Amino acid sequence: MLKGGGENMAIASLVLGIISLVLSFCGLGIISVFTAIVGIVLGTLGRKDPEKKGMATAGLICSIIALVLGIVVWVACAAIIGGAAALS
């Protein structure tokens, strides 16, 4: 592994976690789910670097929260569409 690889993964995890959270709040649940999954993987790999463990943990937590919110938004949209279809 390249020196500094864990640092890059920690930064990428944090960035993807924040982007996933923003996308979740904007109603783009399906996109936020995919970016959150990548953020979780990078956060897990980034925690191996002891110097950037805190940043990787923050990215991991943001990604997990975004994943849950993205799934909730996705299910809520499906329920609304299903309910609207049942009324027709």
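Which side chain does the side chain of Ser-20 make a polar contact with? Select Ser-20 and follow along: the partner is the side chain of Thr-35, at 2.6 Å. Keep in mind as you go that this is a predicted model.

**Stop 1: around Ser-20**

You are in helix α1 here. Ser-20 counts as buried because its relative accessibility is 0%, below the 20% cut-off. Its side chain also reaches the backbone oxygen of Leu-16, at 2.7 Å. Now show the contacts of Ser-20, leaving out residues up to four places away in sequence: you should find Ser-32, Thr-35, Ala-36 and Ala-66.

**Stop 2: helix α2**

Next, select residues 29-46, which make up helix α2. This helix has 18 residues and spans 25 Å from its first C-alpha to its last, close to the 26 Å expected. Colour its buried residues: Gly-29, Ser-32, Val-33, Thr-35, Ala-36, Gly-39, Leu-42, Gly-43 and Gly-46. Thr-35, the polar partner of Ser-20, is in that buried set.

**Stop 3: Ala-10**

Go back to helix α1, residues 5-25, and pick Ala-10. With 0% relative accessibility, Ala-10 is buried. Draw a C-alpha to C-alpha distance to Leu-42: the two are 32 residues apart in sequence but 6.7 Å apart in space. Beyond neighbours within four places in sequence, Ala-10 is in contact with Gly-46, Lys-52, Met-55 and Ala-56.

**Stop 4: helix α3**

Ala-56 leads you into helix α3, residues 53-87. Its 35 residues reach 51 Å from the first C-alpha to the last, close to the expected 51 Å. The buried residues to highlight are Ala-56, Gly-59, Leu-60, Cys-62, Ser-63, Ala-66 and Gly-70. Among them is Ala-66, which you met as a contact of Ser-20.

**Stop 5: the cysteines**

How many disulfides are there? The count is zero. Cys-26 is in none, and the nearest cysteine sulfur, in Cys-77, lies 13 Å away. Cys-26 counts as exposed, at 58% relative accessibility. Cys-62, by contrast, is buried, with a relative accessible area of 18%. Why is Cys-62 without a bond? The closest cysteine sulfur, in Cys-26, is 15 Å from its own, too far for a bond.

**Last stop: confidence**

Finally, colour by pLDDT. The chain averages 87, and 93% of the residues score at least 70. Among the elements, α2 has the highest mean, 91, and α1 the lowest, 88. Where pLDDT is low, the predicted coordinates should not be read in detail.

Technical notes. Residues numbered from 1 in each chain as written. Predicted model: local features only at pLDDT ≥ 70, side-chain atom pairs only at ≥ 80, totals over all residues. Heavy atoms only, no water. Helix = DSSP H or I, 4+ residues; strand = E, 2+ residues; numbered from the N terminus. Expected span 1.5 Å × (residues − 1). Buried < 20%, exposed > 50% of the residue type's maximum accessible area, 1.4 Å probe, protein only. Contact = heavy atoms within 4.5 Å. Disulfide = S-S within 2.5 Å. pLDDT = per-residue confidence, 0-100. Polar contact = N/O pair within 3.5 Å; in protein donor to acceptor, adjacent residues only side chain to side chain.
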